[in-house]
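Reader: I should like to understand the reasoning behind the terms used for this structure. Please set each term against its criterion.

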Amino acid sequence: MASKLSISLSLLAILVLVVGSEAGGIAIYWGQNGNEGTLAETCATGNYEYVILAFLPTFGNGQAPMINLAGHCDPYTNGCTKLSPDIKSCQAKGIKVMLSIGGGAGSYYLTSKEDAKQVATYLWNNFLGGHSSSRPLGPAVLDGIDFDIEGGTNQHWDDLARFLSAYSKQGKRVHLSAAPQCPFPDAWVGNALLTGLFDYVWVQFYNNPPCQFSGDIENLEDAWKQWVSSIPAQKLFLGLPAAPDAAGSGFVPIADLTSRVLPAIKGSAKYGGVMLWSKYYDDQTGYSKSIKSHV
């Protein structure tokens, strides 16, 4: 009896290990459409483990940093400080809330290591664990910074990652994430990702025909394997548009994602889940709700 019990417990432990290693979460970008619901409502859906606030599109080169959350609030009148209770309610549910810097349109680049240090100091004091009299989102302390770098130059993002990561020693851990394009290596943050400082890397497998889903999964699977084997990140995510209209190309129908794509990539120890652009489009399709049990 005892031997049978120990064998059963061993099998159970193995099963938990296998299932646990494949369990993933969904990350969502929120902030670029005033019709996508509030941040608190977004977290209350129960569909997301990570919410990324988009964007801080102006910073670096001596510019005054400026957040842009589209129709949600007006940063010029300190209107975005009202988000603090929402951020805290998300975090109380165990959801990590990140601020994404960069984006597809903006004015951002780093001119030197010193410039990177100044931007890191600004982010720490205004959005993370530091102190400032003009915190754009109020007193709430975000969980980290997301690098969605799609322009400017590819210089000094590794410096910025190091400076931000160093602030973890002063209290609350500063998580780092990035949203590179799927062609490897990424043209903008490729060097920064090699630092090994990034916790989450949500690779954009859309608007990139050479490595996105196109009816067959071979190109996507090959690119995924290259990312997994080459980047020292803790978790890698499959970045997808939440609706056909959310991107120029790369939308994966739900049936294809759950029956073909996810089974092909979930075996990786670095598999973290799925990232979706964006909350507004997810509202239109119900994509996250449909795939959550499969992720």
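Reader: Which residues are linked into a cluster by ring pairs?

Author: In this predicted model, ring pairs link Phe59, Tyr108, Phe147, Trp157 and Phe198 into a cluster. Rings count as a pair if their centres lie within 6.5 Å. The structure holds 21 aromatic pairs.

Reader: What makes the aromatic pair of Tyr280 and Tyr281 edge-to-face?

Author: A pair of aromatic rings is described by the distance of the centres and the angle of the planes. For Tyr280 and Tyr281 the values are 5.2 Å centre to centre and 80° between the planes. Because the limit for pairing is 6.5 Å and planes over 60 degrees apart count as edge-to-face, Tyr280 and Tyr281 form an edge-to-face pair.

Reader: Why does Tyr280 count as partly exposed?

Author: Tyr280 has 24% relative accessibility. Buried would require under 20%, and exposed over 50%, so Tyr280 is partly exposed. Tyr281, with a relative accessible area of 22%, is therefore partly exposed by the criterion for values in between.

Reader: What is said of phi in Ala70, and why is Ala70 called partly exposed?

Author: Phi of Ala70 is near 50°, a positive value in a residue other than glycine. Ala70 lies in the loop between β3 (58–59) and α3 (84–92). Its relative accessible area is 35%; the class in between runs from the 20% limit to the 50% limit, so Ala70 is partly exposed.

Reader: Where does Asn207 lie, and what makes Asn207 partly exposed?

Author: Asn207 is placed in the loop between β8 (200–204) and α7 (218–230). Phi of this residue, which is not glycine, is positive as well, near 55°. With a relative accessible area of 41%, neither under 20% nor over 50%, Asn207 is partly exposed.

Reader: How do you know that β8 and β9 are paired?

Author: Strands pair if at least two bridges are found between them. Five bridges join β8 to β9 (residues 235–241), and the two run parallel, so the criterion is met. One of the bridges has Tyr200 with Lys235 of β9 as its partner. Both strands belong to a closed barrel of eight strands, β1-β2-β4-β6-β7-β8-β9-β10, with parallel pairing. Neighbouring strands of this sheet are turned by 25° against each other on average, direction ignored.

Reader: Which strands does helix α5 touch?

Author: Helix α5 (residues 157–166) packs on the sheet and touches β4 (96–103), β6 (144–149) and β7 (175–178). The direction of α5 makes about 175° with that of β6.

Conventions. Residues numbered from 1 in each chain as written. Predicted model: local features only at pLDDT ≥ 70, side-chain atom pairs only at ≥ 80, totals over all residues. Heavy atoms only, no water. Helix = DSSP H or I, 4+ residues; strand = E, 2+ residues; numbered from the N terminus. Buried < 20%, exposed > 50% of the residue type's maximum accessible area, 1.4 Å probe, protein only. Phe/Tyr/Trp six-rings, centres within 6.5 Å; stacked < 30°, edge-to-face > 60°. Axes fitted to C-alpha atoms, helices over the stretch in contact; angles between N-to-C directions. Contact = heavy atoms within 4.5 Å.
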